[in-house]
Amino acid sequence: MKENMIGSKIIHLEKAPSTNLYAKQILKDKTPEGTVIVADIQTKGRGRKNRSWSSPKGGLWFSVVLYPNISPDQGMLITMAASVSAAQAIEDVTKIKPVIKWPNDLLVNGKKVCGILTELETKLDQIIYAIVGVGINVNNQIDVKLKDIAISLNQATNSQISKVKLLQSILKCFDKNYSYFTSGNFAIIRDAWFSYANILGKKIKVQDEETVIEGIVRDVDDNGYLILDTGDGSTKIVTGDISFL
Ligand code: BTN
């Protein structure tokens, strides 16, 4: 993989409904792998499970277009590479070490500072494209309704953070981590992920729609799924919202 592939083309928009949606549009024109779309404001920012994602001015809202040569089962590994990259960049720029909360949230002081939404288009056993959307609360005001669960880097550090430096750092980290990934060195990302995640051996509850499962985290497997010891065997968790017990 050539160096600086991620970010080789950057599209900057003042306002967009959602950078993930914009990415989907330009995929029709076969935009090169590594294209980044960044918007100052999103009017219809989206999170996981189709939740809305508050995206006012001052935050970092962007998407990366990738064409990974992997099976859809491994799609989650892309998100892991992205969350490690965001964690490394936040640590690099702010000196604060965020915690990765499985599967893809980054927390500071127990509150969400970054979310990642990876959208895949698949055909048979192949990924046609992946759009990795990253949202980071940088200098933006946190919506009053989210004050108990979300935080900005500005609040956490008591200083204005350069969005440009942060974006540059993430793209550099992501470029490196994605090249580990495509060259079969996923173990490096997995180790880095564990160093931020602090989840092994913890008792957790996983909620997915109506289903709730409790257990102790024994591992995150080669596809990025959680392996839980539920007391009567081990269970693989593919998706859900976790909380610590
Ligand atoms: C989540 O935690 O639920 C994921 C949030 C992802 C938000 C980002 S912001 C840039 C990109 N565009 C979107 O509409 N969503 C992602």
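The exercises below, each with a worked solution, explore a predicted model of a protein with a bound ligand.

**Exercise 1. The surroundings of the ligand**

Find where the ligand sits, and work out which elements and which classes of residue make up the shell around it.

Solution. Begin with the site itself: the ligand sits in the largest pocket. Next, look at the residues around the ligand, of which there are 19, with S18, Q42, R46, R48 and K112 being the closest. Then trace the shell back to the elements of the fold, where α1 (19–27), β3 (60–66), β6 (111–123) and β7 (126–136) are each found to supply at least two residues. Among the contributors, β6 gives the largest share, which is four residues. Finally, sort the shell by class, which yields ten polar, five nonpolar and four charged residues.

**Exercise 2. Polar contacts of the ligand**

Identify polar atoms of T19, Q42 and R48 that lie within 3.5 Å of a nitrogen or oxygen atom of the ligand, and state how much of the ligand the protein buries.

Solution. Start with the nitrogen atoms of the ligand: a polar side-chain atom of Q42 is 2.8 Å from a nitrogen atom, and a polar side-chain atom of T19 is 3.3 Å from a nitrogen atom. Turn then to the oxygen atoms, where a polar backbone atom of R48 lies 2.7 Å from an oxygen atom of the ligand. To complete the picture, consider the area of the ligand, which exposes 420 Å² when taken alone, and of which the protein buries 99%.

**Exercise 3. The pairing of β8**

Determine which strands are joined to β8, and in which direction they run relative to β8.

Solution. Take β9 as the starting point: strand β8 (residues 203–208) is joined by six bridges to strand β9 (residues 211–220), and the two run antiparallel. Within this pair, Q207 stands opposite V212 of β9. The two strands form a hairpin with two residues between them, and E209 in the turn has a positive phi of about 55°. Now consider strand β12 (residues 241–244), which is also antiparallel to β8 and is joined to β8 by four bridges; here V206 stands opposite I242.

**Exercise 4. A second hairpin**

Describe how β10 and β11 are connected and paired.

Solution. First count the bridges, since four of them join β10 (residues 226–229) to β11 (residues 234–237) in an antiparallel arrangement. Next, pick out one partnership, that of D229 with S234 in β11. Last, examine the turn of this hairpin, where four residues separate the strands and G231 has a positive phi of about 100°.

**Exercise 5. Backbone details in two loops**

Locate K95 and P103, and describe the backbone at each of them.

Solution. Go first to the loop between α2 (75–94) and β4, where K95 is found; K95 has a positive phi of about 70°, although K95 is not a glycine. Continue to the loop between β4 (99–101) and β5 (105–108), which contains P103. The peptide bond from W102 to P103 is cis, with omega near 5°.

How values were computed:
Residues are numbered from 1 along each chain as its sequence is written. This is a predicted model: local features need pLDDT of at least 70, side-chain atom pairs count only at pLDDT 80 or more; totals for chains, interfaces and linings use all residues. Side-chain values use heavy atoms; hydrogens and water are left out. Two strands pair if DSSP finds at least two bridges between them. A residue is near a molecule or strand if one of its heavy atoms lies within 4 Å of it. A polar contact is a pair of N or O atoms within 3.5 Å; within protein, one must be able to donate a hydrogen and the other to accept it, and residues adjacent in sequence count only if both atoms are side-chain atoms. Accessible areas come from the Shrake-Rupley method with a 1.4 Å probe; for residues, only the protein chains shown count as cover. On a 1 Å grid over the protein atoms alone, a cavity is a set of points where a 1.4 Å probe fits but cannot get out, and a pocket is an open set with protein on both sides within 12 Å along at least five of seven lines; lining residues have an atom within 4 Å of a point. A molecule sits in a cavity or pocket if more than half of its atoms lie within 2 Å of its grid points. Ala, Val, Leu, Ile, Met, Phe, Trp, Tyr, Cys and Pro count as nonpolar, Asp, Glu, Lys and Arg as charged, and the others, Gly among them, as polar.
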